[in-house]
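Reader: I've got a protein model open and I'm not sure how to read it. Can we go through it together, one question at a time?

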Amino acid sequence: FRYTLAVKRRLVALDTSDLDRLFDLAVSENTAGRALERLGRLDESAAHYAADLAIKRRLVARDAANTTWAMGHSTALSYVAGIDELRGRTALAIARL
């Protein structure tokens, strides 16, 4: 998945106006995060979830009426909060949501 992410990051960098490609990158960041979480690599997983969330925040800021992006943002928040909960930071997890 590292190679795929690297390619997608390069493609986004080549055309920053392609918001669908940016959303696709966010989905890939989330997928990598889920795989690493299942392996117990929470720090790496959290970094990918944070990247996913940052991208989706940018997208929602550009078009709050886009329900796909809004739902993706909510989902990204839940993954970041899930890592907080796994680390015993329940209050922080709840505050994020």
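Author: Sure, and keep in mind that this is a predicted model. Let's start with one pair of charged residues: D43 and R87 form a salt bridge, and their closest N and O atoms are 2.5 Å apart.

Reader: Where do D43 and R87 lie, and how many residues apart in sequence are the parts they tie together?
Author: D43 sits in helix α3, which covers residues 42-62, while R87 is in the loop between α4 (67-86) and α5 (90-96). The salt bridge therefore ties together parts of the chain whose separation in sequence is 44 residues.

Reader: Is D43 buried or exposed?
Author: Exposed means over 50% relative accessible area. D43 has 61% relative accessibility, so it counts as exposed. Its partner R87 has a relative accessible area of 31%, so R87 is partly exposed.

Reader: Which residues are joined into one network by salt bridges that share partners?
Author: One link is the salt bridge between the side chains of E44 and R41, at 2.7 Å from N to O. E44 is partly exposed at 31% relative accessibility, and R41 is partly exposed too, at 33%. Through shared partners, the network is made of R2, R41 and E44.

Reader: How many salt bridges does the structure hold?
Author: In general, side chains of opposite charge can pair when their charged atoms come close. For this structure, the number of salt bridges is seven.

Reader: What about K8 and D24: which helices does that pair tie together?
Author: The side chains of K8 and D24 meet in a salt bridge, 3.0 Å from N to O. D24 is partly exposed, with a relative accessible area of 34%. K8 lies in residues 2-14 and D24 in residues 19-38, so the pair ties together parts 16 residues apart in sequence, namely helix α1 and helix α2.

Reader: Zooming out, how many helices and strands are there in the protein chain?
Author: Reading along the sequence gives the pattern α-α-α-α-α. The count is five helices and zero strands.

Reader: Why can the chain be called as compact as a globular protein of its length?
Author: The globule rule gives 13 Å for 97 residues. The chain is as compact as a globular protein of that length because its radius of gyration is close to that value, at 13 Å.

Reader: And what box do the C-alpha atoms fill?
Author: Take the box along the principal axes. Its dimensions are roughly 40 × 30 × 15 Å.

Reader: How much of the chain is buried?
Author: Buried means under 20% relative accessible area. Of the 97 residues in the protein chain, the buried share is 34%.

Reader: Is D52 buried or exposed, and what is its relative accessible area?
Author: D52 belongs to helix α3. Setting aside neighbours within four places in sequence, D52 is in contact with A26, V27, E29, N30 and A76. D52 is buried, and its relative accessible area is 0%.

Reader: Which residues does L19 touch, not counting those up to four places away in sequence?
Author: L19 is in helix α2. With a relative accessible area of 17%, L19 is buried. Leaving out residues up to four places away in sequence, it touches L59, R62 and W69.

Reader: One last thing: how far apart in space are L19 and G82?
Author: In sequence, L19 and G82 are 63 residues apart. Going from C-alpha to C-alpha, their separation in space is 26 Å.

Notes: Residues numbered from 1 in each chain as written. Predicted model: local features only at pLDDT ≥ 70, side-chain atom pairs only at ≥ 80, totals over all residues. Heavy atoms only, no water. Helix = DSSP H or I, 4+ residues; strand = E, 2+ residues; numbered from the N terminus. Rg over C-alpha atoms; globule rule 2.2 N^0.38 Å. Buried < 20%, exposed > 50% of the residue type's maximum accessible area, 1.4 Å probe, protein only. Salt bridge = Lys/Arg side-chain N within 4 Å of Asp/Glu carboxyl O. Contact = heavy atoms within 4.5 Å.
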